[in-house]
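Thank you for making time this morning. I would like to talk about aromatic rings and where they sit, so please have a look at the chain on the screen before I go on.

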Amino acid sequence: MAAAPRVLAVVLAAAVLAASAAALNTDGLALLALKFAVSDDPGGALATWRDADADPCGWAGVTCAGGGAGGRVAGVELANASFAGYLPSELSLLSELQELSLPYNRLSGQIPVAIAALQKLTTLDLAHNQLSGPVPAGIGRLVSLARLDLSSNQLNGSLPPAIAGLPRLSGVLNLSYNHFTGGIPPEYGGIPVAVSLDLRGNDLAGEIPQVGSLVNQGPTAFDGNPRLCGFPLKVECAGGVSDEPRIPQGNAGMSDPGAAAEVGRRPQQKRRSSSSPAVPILAVIVVVAIVAGVVLQWQCRRRCAAAAGDEEKESAKEKYGGGGGAVTLAGSEDRRSGGGGEEGEVFVAVDDGFGMELEELLRASAYVVGKSRGGIVYRVVPGRGPAVAVRRLSEPDDGDGDGGGGWRRRRAFEAEAAAIGRARHPNVARLRAYYYAPDEKLLIYDYLPNGSLHSALHGGPTASPTPLPWSVRLSIVQGAARGLAYLHECSPRRYVHGCIKSTKILLDEELHAHVSGFGLARLVAGAHKTAAAGSSKKLGSAACALRGAGAGAVSYVAPELRAPGGAPAAAATQKGDVFAFGVMLLEAVTGREPAEGEGGMDLEAWVRRAFKEERPLSEVVDPTLLGEVHAKKQVLAVFHVALGCTEPDPEMRPRMRAVAESLDRIG
């Protein structure tokens with residue numbers, strides 16, 4: 001019986017649409033279909049929707065792009081109008097629609113499948129109606145959708161996994177108070193932490209998957225589902241939970257479910273045996289793949305060059321040593337700028353905006369601000385212009401030109417320094433100039449006054465007396481992740497940094513992060529005559545200067561790169577960078593040094609055990625952050641990202657791009 005009024009409404013609507021086709025545009029006709037699908041409009045909300053109008057831009061509840069008449073419909077907002085009826089499929093004709101908001105009405109029937117055609121839709125709010133049936137899978141293809149509220153209806157079936165993959169979901173995902181059944185799909189762990197997820201009041205069953213952002217949700221997101229169990233509910237599946245927030249057990253290290261799933265599938269893929277008829281096809285595929293790779297690399301370089309934006313630079317500090325009195329970089333000898341004469345000297349400004357002359361640089365007052373195996377770092381104060389940071393590379397060669405070796409070493413140094421200078425990103429320290437002589441090698445950067453993340457966390461000459469608040473820490477690690485991801489994926493040479501630690505994350509005046517120190521291991525190695533044998537290695541692939549360093553530095557080294565004694569044994573890798581970055585994340589959240597885990601364990605092993613034992617979060621997090629109640633969910637999310645980065649199996653670690661995206665979704 002319910003079908004008869006709907007058929008009649010469709011017939012009437014078709015008649016009116018045919019009569020008014022000469023007057024209304026397509027958007028107006030689509031909205032008239034909605035008007036005739038409404039069987040009861042007690043408040044007259046649609047009284048202004050007239051077929052005699054030229055366009056619908058003046059109708060109540062309708063907004064058009066540009067705000068004027070004759071535009072395309074961008075929004076339909078008719079909340080609490082109390083009208084009854086159904087949603088017609090003709091709404092799919094509103095191709096420019098960005099917001100469809102019809103909550104607190106009495107709409108019934110199913111959500112039309114055709115709604116998947118609204119590819120510009122950012123908000124879909126159909127809450128507090130009487131809609132029934134399953135959620136159309138096509139909603140998962142609304143690539144612009146940021147807010148979805150289907151709460152307080154009579155929808156049924158299982159939760160559609162496709163919704164979890166909405167790429168721009170950032171506001172609300174509310175499916176509460178319906179009749180959904182079955183389990184919570186693991187894909188829902190990929191929903192950004194910032195999204196307000198609400199699954200209350202359904203008939204969901206089973207254990208809440210302990211993946212991704214699901215472990216960061218509070219219990220209110222799952223209340224009213226009597227057959228659900230597991231963290232964060234107080235309903236046991238395999239073990240109980242206490243009232244105090246605890247670190248959930250399970251797949252805690254899976255910071256990016258999509259990336260983790262991708263990595264997890266690779267070992268299970270079966271190799272297909274090749275046969276002779278497939279050889280020509282395989283050859284074509286290989287050629288196409290190579291061409292596609294070249295095109296993608298070219299596009300990536302263009303994007304990264306355009307995204308560089310602000311010129312963020314480095315002061316390249318390690319742990320701070322004594323800062324004593326002024327010295328002179330030139331020593332007792334004169335240095336000449338030039339294109340490289342008989343002495344093999346060369347001074348190159350990598351950045352066109354760098355106007356300091358070599359003589360001015362070498363004669364200026366300089367103050368020691370850092371020492372490491374890579375050399376000494378000076379703060380150089382010229383007579384004019386801002387201060388710069390100058391790194392004097394350690395252990396230069398003796399400059400004898402046996403067989404032309406000195407010339408080759410100079411060319412190798414220039415090539416590596418020029419490659420470092422081409423890497424430009426707002427979160428990567430930028431080389432401004434370099435100087436080469438047989439017995440002197442200098443790298444020049446802008447001086448950054450706020451030191452490193454290490455000094456900000458653990459104290460140092462430039463550290464603020466006030467501990468870093470959580471919002472600043474999160475911003476710093478997010479910026480550092482973006483910078484390292486750029487070096488891995490978008491830089492001209494796809495670098496391996498090889499020496500990621502908190503002393504390599506420098507902070508400018510606004511506490512923005514700058515990844516520094518990449519390429520130094522290769523340049524220092526190039527200063528030795530014995531390094532010629534390794535000249536074919538990638539820039540930055542030489543191990544970080546951790547050999548002989550303290551236990552804290554060794555704690556950054558990934559397990560697969562360690563020798564039996566704990567020191568680095570193998571060339572650095574991008575997966576090793578990810579591990580080191582994960583240790584640095586734990587350092588930022590716990591406030592502890594990498595070797596300061598309890599019971600003689602490294603920080604990473606100690607935190608991992610705390611997660612396994614489900615210890616209270618208050619026992620692990622930096623005590624200075626405990627007062628920031630609003631940040632607890634974000635802190636826990638960063639813990640999970642860090643544990644994903646420090647998986648013992650390098651193949652289970654996400655790529656830095658996935659790490660950066662996961663951190664960006666947190667805040």
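Before I come to any ring, let me fix one term: a residue is called buried when its relative accessible area is under 20%. Please also keep in mind that what you see is a predicted model.

Tyr436, with a relative accessible area of 3%, is therefore buried by that cut-off, and Phe413, at 5% relative accessibility, counts as buried as well. A pair of aromatic rings is described by the distance of the centres and the angle of the planes. For Phe413 and Tyr436, which form a tilted pair, the centres are 5.2 Å apart and the planes make an angle of 45°. Because Phe413 belongs to helix H6, residues 405–422, and Tyr436 to strand E21, residues 433–437, this pair ties together parts that are 23 residues apart in sequence. Phe413 and Tyr436 are also joined by Tyr434 in one aromatic cluster.

Let me turn to another pair, Tyr495 and Phe518, which is tilted, with 5.3 Å from centre to centre and 45° between the planes. Tyr495 lies in the loop between helix H8 and strand E23, and Phe518 in the loop between strand E24 and helix H9, so that distant parts of the chain, 23 residues apart, are linked by this pair. Tyr495 is buried at a relative accessible area of 2%, and Phe518 counts as buried at 2% relative accessibility.

In total, the count comes to five aromatic pairs. Finally, a charge over a ring: Arg379 lies over the face of Tyr447, at 5.7 Å from the ring centre.

Note on methods. Residues numbered from 1 in each chain as written. Predicted model: local features only at pLDDT ≥ 70, side-chain atom pairs only at ≥ 80, totals over all residues. Heavy atoms only, no water. Phe/Tyr/Trp six-rings, centres within 6.5 Å; stacked < 30°, edge-to-face > 60°. Helix = DSSP H or I, 4+ residues; strand = E, 2+ residues; numbered from the N terminus. Buried < 20%, exposed > 50% of the residue type's maximum accessible area, 1.4 Å probe, protein only. Lys NZ or Arg CZ within 6 Å of the ring centre and 35° of its normal.
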